2 protein chains.
Amino acid sequence: MSRMPEFNRAEVVERALQVFWRRGYSQTTVTDLVAATGLQPGSLYAAFGNKKGVFLEVLEAYNRSFLERIRHLTADPRPAITCIRELLDTIVEDTVSGRNRQGCLAVNALLELAEHEPDVAARLEAHNDQVRRAFAELIAKAQAGGEIRPTSRPDALAAFLVNNLWGMRVMCRGCADRESMTAVVDGILDALTHA
Amino acid sequence: MSRMPEFNRAEVVERALQVFWRRGYSQTTVTDLVAATGLQPGSLYAAFGNKKGVFLEVLEAYNRSFLERIRHLTADPRPAITCIRELLDTIVEDTVSGRNRQGCLAVNALLELAEHEPDVAARLEAHNDQVRRAFAELIAKAQAGGEIRPTSRPDALAAFLVNNLWGMRVMCRGCADRESMTAVVDGILDALTHA
DNA sequence: CCATTTGTTGAATATTCGTTCAAAATGGCG
DNA sequence: CGCCATTTTGAACGAATATTCAACAAATGG
């Protein structure tokens, strides 16, 4: 009964994500989004409402993907500590190689927008909680398997781990030397296994 | 032989700092700065060149103050671990009480501006190095005094500590519950003392 | 093949922002 | 006091920005 959209929504979101991730929210202009997505302003506004609408959908896709990645670790047959080490090592490698120095979109957005976009902040808080819970499950599994001593509660260790993850996401934007980053990873894993 | 400036530069910088800290760089308008400092646009531009000039001076003041605070810890007669715990506890209290949920100006600025303001990023990297070195000294002192075992190098432990500090500066913008934050602080101190 | 509904186009719009500048004000000094 | 260098004032300017809209195009159903 009507004309069909010419674009693939997921593709558009993915391309917008790349721009927002690299340039941040404020420094990304609608013109940037038009160039990156191939959509004209009118189509963009028809599909997403406004710039913030695009960003919210981008953020949702990013967070979902990240969270799934963490949750998959719990299903991984290898020891949990191995999975965590691999996760952290990947960040180090991506940073040192220059493959990814843009940090975490969610962390970047939280620091940039927490003050004047309360709804964005609320979503990011919720995401943070979910990440923490996912790690707590992973740690509980590791404690059950004897990899981590059950001295500390999974919640507490998860909060500690997430804190370090966010710290690394800050550092990889500004001080990307391998030595410091591996020292950090070693410190985290020592803390988890000796706790 | 000429007219004298009517404002106190340090006061103006301090007031501009409050605005930039709360709102971030992009979201702070020159109109905001005019309102906060009491200076008219012309005076502001005569004194600082432009908006970025104001911000650079603000950042310098903030970083110098923070760095001095850390360096003072090395001269504190009490055990280094006590000083570190106090530093971290202060962050927790300021966050939970709502006294300071704006995190760290330097971290916020790094994430917001690293991409498109290379000179800002360079200054922040240098600051980061100085902070790390200051903590390394503090830790070396603690190792010499037997508070921390000399198993790990001071550099490595300092990198780990700074990573957690930045992580806390992220978290205090988005997930300010006391339980998580004290869990993080406990994790940090356990890691430092048992390493 | 027409009517209708929806998507696309891209120039236009209104607003906001950083910055400038000419005129007025101020204070030190001969 | 009168000269002059400097600061202050605040309206004005141009550039950039997010958003809109009227004209056009495509697809569907009868």
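How many residues of chain B are in contact with chain A? In this predicted model, 43 residues of chain B are in contact with 43 residues of chain A.

## The contact between the two chains

On chain B, the side that touches chain A draws at least two residues from each of α1 (9-23), α6 (105-113), α7 (118-144), α8 and α9. The largest share of this side comes from α8(B), which supplies twelve residues. Sorted by class, the side of chain B that touches chain A holds 19 nonpolar, 14 polar and ten charged residues.

## How the copies are related

A turn of 180° with a shift of 0.0 Å along the axis lays chain B on chain A with an RMSD of 0.0 Å. The two copies are therefore related as by a two-fold rotation axis. Within chain B, the C-alpha nearest that axis belongs to B:G167 and lies 1.9 Å from it. Both copies use the same surface, since 100% of the contact residues of chain B recur in chain A.

## The fold of chain A

Chain A contains nine helices and zero strands, and its pattern, read along the sequence, is α-α-α-α-α-α-α-α-α. Taken along the principal axes, the C-alpha atoms of chain A fill a box of roughly 60 × 40 × 30 Å.

Of the 195 residues of chain A, 42% count as buried. When contacts in chain A between residues at least 6 apart in sequence are considered, 66% of them join residues at least 24 apart.

## Helix α9 of chain B

Helix α9 of chain B covers residues 178-194, and because each of its 17 residues should add 1.5 Å, the helix should span 24 Å, which agrees with the 24 Å between its end C-alpha atoms.

Which residues of α9(B) are buried? They are B:S180, B:M181, B:A183, B:V184, B:V185, B:G187, B:I188, B:A191 and B:L192. The cover over these buried residues comes from both chains and includes α8 (154-171) and α9 (178-194) of chain A, together with α5 (80-96) and α8 (154-171) of chain B. Helix α9(B) is also among the elements that each supply at least two residues of the side of chain B that touches chain A.

## The surface near DNA strand C

Around DNA strand C there are 25 residues, of which A:S2, A:E6, A:G42, B:R3 and B:G42 come nearest. At least two residues of the surface near this strand are supplied by each of α3 of chain A and, from chain B, α2 (30-37) and α3. Helix α3(A) gives the most to the surface near DNA strand C, with four residues. By class, the surface near DNA strand C is made up of twelve nonpolar, nine polar and four charged residues.

## The surface near DNA strand D

DNA strand D is surrounded by 24 residues, and the closest of these are A:T29, A:G42, B:S2, B:R3 and B:G42. The elements that give two or more residues to the surface near this strand are α2 (30-37) and α3 (41-48) of chain A, together with α3 (41-48) of chain B.

Which helix gives the most to the surface near DNA strand D? That helix is α3(B), with four residues. By class, the surface near DNA strand D has eleven nonpolar, nine polar and four charged residues.

Technical notes: Residues are numbered from 1 along each chain as its sequence is written. Chains are lettered from A and ligands numbered from 1 in the order in which they are written. This is a predicted model: local features need pLDDT of at least 70, side-chain atom pairs count only at pLDDT 80 or more; totals for chains, interfaces and linings use all residues. A residue is near a molecule or strand if its C-beta atom, placed from the backbone, lies within 6 Å of it. Ala, Val, Leu, Ile, Met, Phe, Trp, Tyr, Cys and Pro count as nonpolar, Asp, Glu, Lys and Arg as charged, and the others, Gly among them, as polar. The expected span of a helix is 1.5 Å times one less than its number of residues. A residue is buried if 20 or more other C-beta atoms lie within 10 Å of its own, exposed if 12 or fewer, and partly exposed in between; C-beta atoms are placed from the backbone. Two residues are in contact if their C-beta atoms, placed from the backbone, lie within 7 Å. Copies are superposed by least squares on the C-alpha atoms of residues with pLDDT of at least 70 in both.
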